[in-house]
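Got your viewer ready? Load the model, switch to cartoon, and keep the selection box handy.

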Amino acid sequence: MKFEVLTIFPEIIECYIKHGVLGKALNKGIVEVKVYNLRDFTSDKHKKVDDYPYGGGAGMVMQIEPFYNAIMHLKADEKPRKLVLLSPQGRKFTQKLAQKFMEESKAMVLICGRYEGIDERVKAFVDEEVSIGDYVLSGGELAALVIIDSVVRLIPGALGDELSAVEDSFMKGFLDYPHYTRPEDFKGMKVPEVLLSGDHKKIALWRKRQALKNTLKNRPDLLKNLSPEDMRILKELC
Ligand code: ADE
C-alpha cells in the first residue's frame, strides 16, 4: 500500500514512520510512504503557502494553489488513489474506517493543513474529509500519522504476530483485556492467578469478562449488538 503525504512539515512524518511496526513494514516493502513539501509547489519566490482570510478574522488561511499544484503533480501518473483531507470538520475516523481504507485503497494521499484552516476550494479536489476526533490540532500531520499507523497495522504481514491486530481494542467491537508480563509479583501487585494456570479455556473466558468490564466502565457506548453469550457475561458483571 502506498501513502503520499502533502505537508509543510515533512520531517514530522519522516521521523515517525522510521520506527516500530511502520519502520519494519517499510523495510519489508509492504508499505511505501512518500512525503511532499507543499512549499515546493508554490509559484511565490518566498514559498509562501498562506494568506489573510477574506472577510477578516484571526489567523491565516492556507492557499489553494500549492495544494492544487501538488495534487496535479501526483495525479500525472494517472494511477488511482484516494485523496483524503485531514480536518476537524471531516467524517470521524474509526477502526472500521481504517479497515475500509486498508481493504479498498491501494494508494492514499493524505493532505495536511495548518494555521486556521485551508481555502475551502481545496475540497473540490479531494475524495473525503476525515477527522481523527472532536478536538482541534495545530495541523493535519498527527492525524495523517494516526491514519497511516492504524491502517498499516491491518495489512497482512505488517505485524510480526498476525494475531495481534485481531486482538487489538475495537477489532472485536469492545476494549482490550488487561495484559501482564514478568515479574509475577511487583511490590505485592500480583499477576491474576488464572493467567498462570495454563488453562486456555479459563484464560479466554477471563479475558472476555475483563474486556467487557473495561468497556462497560470506559466506553458503554460500544456495548451494542452483543451476542447472547456476551449479554450473559455482562449481566453477571452488573
Ligand atoms: N487538523 C486539526 N484538527 C484535526 C482533527 N481533529 N482531525 C484531523 N485533522 C485535523
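**Stop 1: helix 8**

Start by selecting helix 8 (residues 228–237), where arginine 232 and glutamate 229 sit 3 residues apart, about one turn of the helix. Helices here are DSSP runs of H or I with at least four residues, strands are runs of E with at least two, and both are numbered from the N terminus. Show the side chains: arginine 232 and glutamate 229 meet in a salt bridge, 3.2 Å from N to O. To count as a salt bridge, a side-chain nitrogen of Lys or Arg must be within 4 Å of a carboxyl oxygen of Asp or Glu.

A word on what you have loaded: this is a predicted model, in which local features need pLDDT of at least 70 and side-chain atom pairs count only at pLDDT 80 or more, while totals for chains, interfaces and linings use all residues. Residues are numbered from 1 along each chain as its sequence is written, and side-chain values use heavy atoms, with hydrogens and water left out.

Is this pair buried or exposed, or somewhere in between? Arginine 232 is partly exposed, with a relative accessible area of 41%, and glutamate 229 is partly exposed too, at 36%. The scale runs like this: buried is under 20% relative accessible area, exposed is over 50%, and partly exposed is in between (1.4 Å probe, protein chains only).

**Stop 2: the five-stranded sheet**

Now select strands 2, 1, 6, 5 and 8. In that order, these 5 strands form an open sheet with parallel pairing. Two strands pair if DSSP finds at least two bridges between them. Strand 2 (32–37) and strand 8 stand at the edges with a single partner strand each, so one side of each has no neighbour in the sheet. Look along the sheet for the twist, which averages 30 degrees from one strand to the next. The angles are taken between N-to-C directions and run from 0 to 180 degrees, with axes fitted as lines to C-alpha atoms (for helices, over the stretch in contact).

Add helix 1 (residues 10–17), which lies across strand 1 (2–7) and strand 2 and runs at about 160 degrees to strand 2. Contact means heavy atoms within 4.5 Å.

**Stop 3: strands 5 and 8**

Zoom in on strand 5 (residues 82–92), which pairs with strand 8 in the parallel sense over 5 bridges. Two positions to label: valine 84 stands opposite glutamate 128, and arginine 91 is opposite valine 130.

In a regular strand, side chains alternate between the two faces of the sheet. On strand 8, both faces are covered: Glu128 and Val130 are buried on one side, Glu129 and Ser131 on the other.

Which residue does glutamate 128 meet in a salt bridge? Its partner is arginine 91, at 2.9 Å from N to O. This pair links distant parts of the chain, with glutamate 128 in strand 8 and arginine 91 in strand 5, 37 residues apart. Glutamate 128 counts as buried because its relative accessibility is 13%, whereas arginine 91, at 41%, counts as partly exposed.

Next, select leucine 86, also in strand 5. Leucine 86 is buried, with a relative accessible area of 5%. Leaving aside neighbours within four places in sequence, leucine 86 is in contact with Leu110, Ile111, Cys112, Val130, Gly140, Ala143, Ala144 and Ile147. Try the distance tool on the C-alpha atoms of leucine 86 and alanine 144: they are 7.0 Å apart, although 58 residues separate them along the chain.

**Stop 4: helix 5 and the loop before it**

Select glutamate 141 and arginine 114, a salt bridge whose closest N and O atoms are 2.9 Å apart. Glutamate 141 is in helix 5 and arginine 114 is in the loop between strand 6 (107–112) and strand 7, 27 residues away. Both residues are buried.

Then move to tyrosine 135, in the loop between strand 8 (128–131) and helix 5 (141–153). At 43% relative accessibility, tyrosine 135 counts as partly exposed.

**Stop 5: the small sheet**

Finish with strands 3, 4 and 7, an open sheet in the order 3-4-7 with mixed pairing. Strand 3 (50–51) and strand 7 (117–118) are the edge strands, each pairing on one side only. Strand 4 (residues 61–62) runs parallel to strand 7, joined by 2 bridges, and methionine 62 stands opposite isoleucine 118.
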